[in-house]
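Visitor: Please choose one part of this model and look at it closely, residue by residue, with enough of its surroundings to place it in the chain.

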Amino acid sequence: MGNAYLDLLKSKEQKDVKIAHSPRRQAMKDQKGMCAKCKKDLNPSFSKFILGPTGTYTVICSNCAVTIPKR
């Protein structure tokens, strides 16, 4: 007995299989691992995901997420 998912992938009728990603992971891929503001490399555990009004995510680094006011 085979797995139904694997059988579907191997079938001749179904060749176009789209892999689904979470919206946050897709945002990280779209930005190529760079911060949206400062364009530095992102660490996924220290980044902030901002949901925009259009329903898309923007990813910024921890330095851009926390602003310290100057005295």
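Guide: A residue is called buried under 20% relative accessible area, exposed over 50% and partly exposed in between, using a 1.4 Å probe and protein chains only. By that scale Gly-55 is partly exposed, because its relative accessibility is 49%. This is a predicted model, in which local features need pLDDT of at least 70 and side-chain atom pairs count only at pLDDT 80 or more, while totals for chains, interfaces and linings use all residues. Residues are numbered from 1 along each chain as its sequence is written, and side-chain values use heavy atoms, with hydrogens and water left out.

The part to look at is the hairpin and what lies around it. Gly-55 sits in the loop that joins strand S1 (47-51) to strand S2 (57-61), where strands (E, at least two residues) and helices (H or I, at least four) are DSSP runs numbered from the N terminus. S1 and S2 are paired in the antiparallel sense through five bridges; for two strands to count as paired, DSSP must find at least two bridges between them. The hairpin they form leaves five residues between the strands, and in that turn Gly-55 has a positive phi of about 95°. The C-alpha atom of Gly-55 is 9.4 Å from that of Pro-23, although the two residues are 32 apart along the chain.

In strand S1, the residue to follow is Ser-47, which stands opposite Cys-61 in S2. Ser-47 counts as buried because its relative accessible area is 16%. Its side chain reaches the backbone oxygen of Pro-44 at 3.1 Å, a polar contact in the sense of a pair of N or O atoms within 3.5 Å, where within protein one must be able to donate a hydrogen and the other to accept it, and residues adjacent in sequence count only if both atoms are side-chain atoms. Once neighbours within four places in sequence are set aside, Ser-47 is in contact (heavy atoms within 4.5 Å) with Met-28, Leu-42, Val-59 and Ile-60.

From the loop between H2 and S1, Gln-31 also touches the hairpin. The side chain of Gln-31 reaches the backbone nitrogen of Val-59 at 3.0 Å. Not counting residues up to four places away in sequence, Gln-31 touches Ala-36, Leu-42, Tyr-57, Thr-58 and Val-59. Leu-42 and Val-59 therefore appear in the contacts of Gln-31 as well as in those of Ser-47, which is buried.

Two further residues of the loop between H2 and S1 deserve attention for their backbone: Lys-32 and Lys-39. Lys-32 has a positive phi of about 60° although it is not a glycine, and Lys-39 likewise has a positive phi of about 60° without being a glycine. Lys-32 is exposed, because its relative accessible area is 71%, and Lys-39 is exposed as well, with a value of 53%.

Finally, the hairpin can be placed in the whole chain. The secondary structure amounts to three helices and two strands, following the pattern α-α-β-β-α when read along the sequence. Of the 71 residues in the chain, 17% are buried. Among contacts with a separation of 6 or more, 30% join residues that are 24 or more positions apart. Away from the hairpin, Ile-19 in the loop between helix H1 (4-10) and helix H2 (23-30) is exposed, since its relative accessible area is 55%.
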